[in-house]
Each structure stands twice: as C-alpha cells, then as structure tokens.
Protein chains: 2
Amino acid sequence: MEPINVFKALSNETRLNILKWLKEPENHFPKQGAHLPKEVSYKGGVCVGDIQEKANVSQSTVSSYLNLMQKAGLLESIRHGQWTYYRRNEDFIQQFAKYFKTEI
Amino acid sequence: MEPINVFKALSNETRLNILKWLKEPENHFPKQGAHLPKEVSYKGGVCVGDIQEKANVSQSTVSSYLNLMQKAGLLESIRHGQWTYYRRNEDFIQQFAKYFKTEI
DNA sequence: TTGACATATCGAGAAATCCAGATATACAAT
DNA sequence: ATTGTATATCTGGATTTCTCGATATGTCAA
C-alpha cells in the first residue's frame, strides 16, 4: 500500500466524486447502459462511458483517472466484452481507513 | 472541512512524515531546543527549526508546508516569543478519519 | 473482413506544485 | 537603537499534474 498514491488519487474533485458515486451506483448511474442484466453490471461495476458522462470530462481523462485510482488500489476493473466495468475495491478502502485511523 | 485540501496536504512524503513525527514528538525530536521547559514545549508542539532539521528541507519550505497543513486543518500553531510551535490538531484529524470511514 | 463502438494510450500546452534562495517581519537581548 | 535569532513571505525555475484531442487497440456484429 502506497499511502501517498492514495492521497494523490483523492486530491482531485472529479476522482473523489467518482469514488463516492461508485458507493451507490444505482443512485448515481440510473441511465445504466443496457449492456448487461442489471444485477450483473451493478455488481461488476459501472462502465467507463457512464462514468464519463456523469463526470463530464473527456473520455481520455476519465480513462486515465480510473487507471490511476486502480493503481492506487481504490478501484478494480473487470472487462466484459468491449466494456470495462470499474467498481470500488472495498477491502482496500476499508484497510486504508484503518491505516488512516491508526497510523496518521 | 475541505477534504481535497487535506488529501493534497498528505500527498507529499515530507508533509506526511511531519504529521507522523508530531504524533510522538518526544521520540522524534530528542534534541528539543531548550527554549522552554520540556512539558510546556512538548504540549505546545515543536518549533519550526526543530522540524526543519529533522525534515531536511529549507527553512522556507518547511514554513510553507506547516502553513499549508494548518490551513488544511491538520495542525495548529502557538506563538511563544520568537518561536512558533506546531502540533497536531487531534480533534480535526479524528474527525477526518471518521469522515473517511463513513463518506469515502 | 469490414465497420462500429468502447476503452486505452500518446503527445502536448496550460496550470499547479515543489522547493530553494533572498528578503521581510517579529521578537529578545544588549 | 542595534544586533541576532526564529519564522514568514516573496520570487522564480524545475517538475508534476491536469486535461484535452488524436490515435491505437480490442471486441462485437454484419
């Protein structure tokens, strides 16, 4: 775990919002692309295009943001056909919260 | 509370170290300047010069780092004569840890 | 295999951050 | 008043981050 990279990932409004939105994907991504049955895609995460639309930044920006957050440990991704679904890495986030409480 | 500013403040190795050192000033600042009786200065924090020596960055850099961290809410300072003592704002840090656990 | 679409990567200019030295300010002691 | 010390602020060059458009890659459908 590289705390600095986690803090850097969270030092940007858009990225922080993405992480929060992904806490409740059903609420924040209602126009869920109909690529997959609801239960599958929500469990598996939200696809890049839907996140881009909500975040209102360019496709390349959102893609690299998601990659950055994944490298930091905050997100994980699953490819499903031509879509990549990103979701929170809850284990890691919880572990980091604990680190913050005890080490910081 | 501006979470983004807190994350930015913590996105730097030196600043993160300073925050950790200030958790146990007695351990990390043994050559405590003899400006004040020990109990006073430790309770009140550590002076800029001592932090600078430990952090091994320039005087101006450490001063602006401490100012940044204070603005973010992580530190508080007390002036005592010609010395400024910085210490952790434990209430804020604890509050932020809670925010992280519940909101992030 | 070609075309369409989703996502990733590349390249670059603008903006922000890093961090130092120089200078200013505040206070203490003489 | 003057000098010395601690800290803050200013200035600026180097580096990093931000964010885009363009292009590449991967996948599905026809």
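Visitor: How many nonpolar, polar and charged residues does the surface near DNA strand C have?

Guide: This is a predicted model, and in it the surface near DNA strand C has six nonpolar, 12 polar and four charged residues. Altogether 22 residues surround the strand, and the closest are Gly49(A), Ser60(A), Ser60(B), Thr61(B) and Tyr65(B).

Visitor: Which parts of DNA strand C lie within 4 Å of the protein, sugar or phosphate, or bases?

Guide: Of the strand's atoms within that distance, 64% belong to sugar or phosphate, while the rest belong to bases. On the phosphate side, a polar side-chain atom of Ser63(A) is 3.0 Å from a phosphate oxygen, and a polar side-chain atom of Arg15(B) is likewise 3.0 Å from a phosphate oxygen. For the bases, an N or O atom in the side chain of Gln82(A) lies 3.0 Å from a base oxygen. The elements giving two or more residues to this surface are helix 5 (48-55), helix 6 (59-72) and strand 3 (83-88) of chain A, along with helix 6 (59-72) of chain B.

Visitor: Which residues touch the most other members of the largest nonpolar core?

Guide: In soluble globular proteins, nonpolar side chains tend to be buried together. Here the largest nonpolar core holds 58 residues, and Ile51(A) and Ile51(B) touch the most other members. Leaving aside residues up to four places away in sequence, Ile51(A) touches residues including Ile18(A), Phe29(A), Leu66(A) and Tyr86(A).

Visitor: What rotation superposes chain A on chain B?

Guide: A rotation of 180° does so, with 0.0 Å of shift along its axis and an RMSD of 0.0 Å, which is the relation of a two-fold axis. In chain A, the C-alpha nearest that axis belongs to Phe7(A), at 2.6 Å.

Definitions and conventions
Residues numbered from 1 in each chain as written. Chains lettered and ligands numbered in written order. Predicted model: local features only at pLDDT ≥ 70, side-chain atom pairs only at ≥ 80, totals over all residues. Heavy atoms only, no water. Near = heavy atom within 4 Å. Polar contact = N/O pair within 3.5 Å; in protein donor to acceptor, adjacent residues only side chain to side chain. Helix = DSSP H or I, 4+ residues; strand = E, 2+ residues; numbered from the N terminus. Nonpolar A, V, L, I, M, F, W, Y, C, P; charged D, E, K, R; others polar. Core = buried A, V, L, I, M, F, W, Y, C linked by side-chain atoms within 4.5 Å. Buried < 20%, exposed > 50% of the residue type's maximum accessible area, 1.4 Å probe, protein only. Contact = heavy atoms within 4.5 Å. Least-squares fit on C-alpha atoms with pLDDT ≥ 70 in both.
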